[in-house]
Amino acid sequence: VEAGLGRRPEAMSHSNPGFDIRSIDTSGHLLLIEVKGRIEGSTTVTVTRNEILTGLNTADRYILALVEVRADDTCEVRYLYNPFAGKSRELHFAERSTTFDWDKLWDVAEAPR
């Protein structure tokens, strides 16, 4: 999707700092993308503490990419820009992840741009 938008994406290693893809847009701006894929019909998605903190700290450059994988192996991708807007920057010290309602995120996400 990123390459199709004319950007230069780079997949990060599994020990990444809160995102899966680092992408440079045509203006040279850095975007950080966390990818969450789910099989069609899934009801929840879990986002780690580190992913949330990275999203809060880089809100204008952070994208939560939602990928719905269908039974016929096709998929649809939607982007949620500034996905943690309204979330408190103060996470509980013991909070390791947060579970979100997939349908609610999917409904407010949009086509990649």
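**Close-up views of a predicted model**

**View 1. Strand 3 and strand 5 side by side.** Strand 3 (residues 30-39) and strand 5 run parallel, joined by eight bridges. Two strands count as paired if DSSP finds at least two bridges between them. Strands (E, at least two residues) and helices (H or I, at least four) are DSSP runs, numbered from the N terminus. Across this pairing, Glu34 sits opposite Leu64 in strand 5. This is a predicted model, where local features need pLDDT of at least 70 and side-chain atom pairs count only at pLDDT 80 or more, while totals for chains, interfaces and linings use all residues. Residues are numbered from 1 along each chain as its sequence is written, and side-chain values use heavy atoms, with hydrogens and water left out.

**View 2. A look around Glu34.** Glu34 belongs to strand 3 and is buried, with a relative accessible area of 3%. Buried means under 20% relative accessible area, exposed over 50%, and partly exposed in between (1.4 Å probe, protein chains only). Skipping residues up to four places away in sequence, Glu34 touches Gly18, Phe19, Asp20, Glu51, Tyr62, Ile63, Leu64 and Ala65; contact here means heavy atoms within 4.5 Å. The side chains of Glu34 and Lys36 also share a polar contact of 3.5 Å. Such a contact is a pair of N or O atoms within 3.5 Å; within protein, one must be able to donate a hydrogen and the other to accept it, and residues adjacent in sequence count only if both atoms are side-chain atoms.

**View 3. The open sheet and its edges.** Five strands line up in the order 1-2-3-5-6 to make an open sheet with mixed pairing. Strand 1 (8-11) and strand 6 (75-81) each have a single partner strand, so one side of each is left without a neighbour in the sheet. Ignoring direction, neighbouring strands are turned by 25 degrees against each other on average, using lines fitted to C-alpha atoms as axes, with angles from 0 to 180 degrees between N-to-C directions.

**View 4. The hairpin of strand 5 and strand 6.** These two strands run antiparallel, with seven bridges joining them. Leu64 stands opposite Leu80 in strand 6, and Val69 has Cys75 as its bridge partner there. Five residues lie between the strands, and in this hairpin Asp73 takes a positive phi near 70 degrees. Seven of the eight residues of strand 5 are buried, so this strand is largely enclosed by the rest of the structure.

**View 5. Into the largest nonpolar core.** This core has 17 residues, and those with the most contacts inside it are Ile52, Leu66, Phe84, Phe100 and Leu105. A nonpolar core is a set of buried Ala, Val, Leu, Ile, Met, Phe, Trp, Tyr and Cys residues joined through side-chain atoms within 4.5 Å. Strand 4 (44-48), helix 1 (49-57), strand 5 (62-69) and helix 2 (102-108) each give two or more residues to this core. A second, separate core of five residues includes Ile33, Ile63, Ala65 and Tyr79.

**View 6. Helix 1 and its cover.** Glu51, Ile52, Thr54, Gly55 and Leu56 are buried in helix 1. Their cover includes strand 3, strand 4, strand 5 and strand 7 (97-101). Leu56 has a relative accessible area of 13%. Leu56 and Phe84 are 28 residues apart in sequence, and 6.3 Å apart in space, C-alpha to C-alpha.
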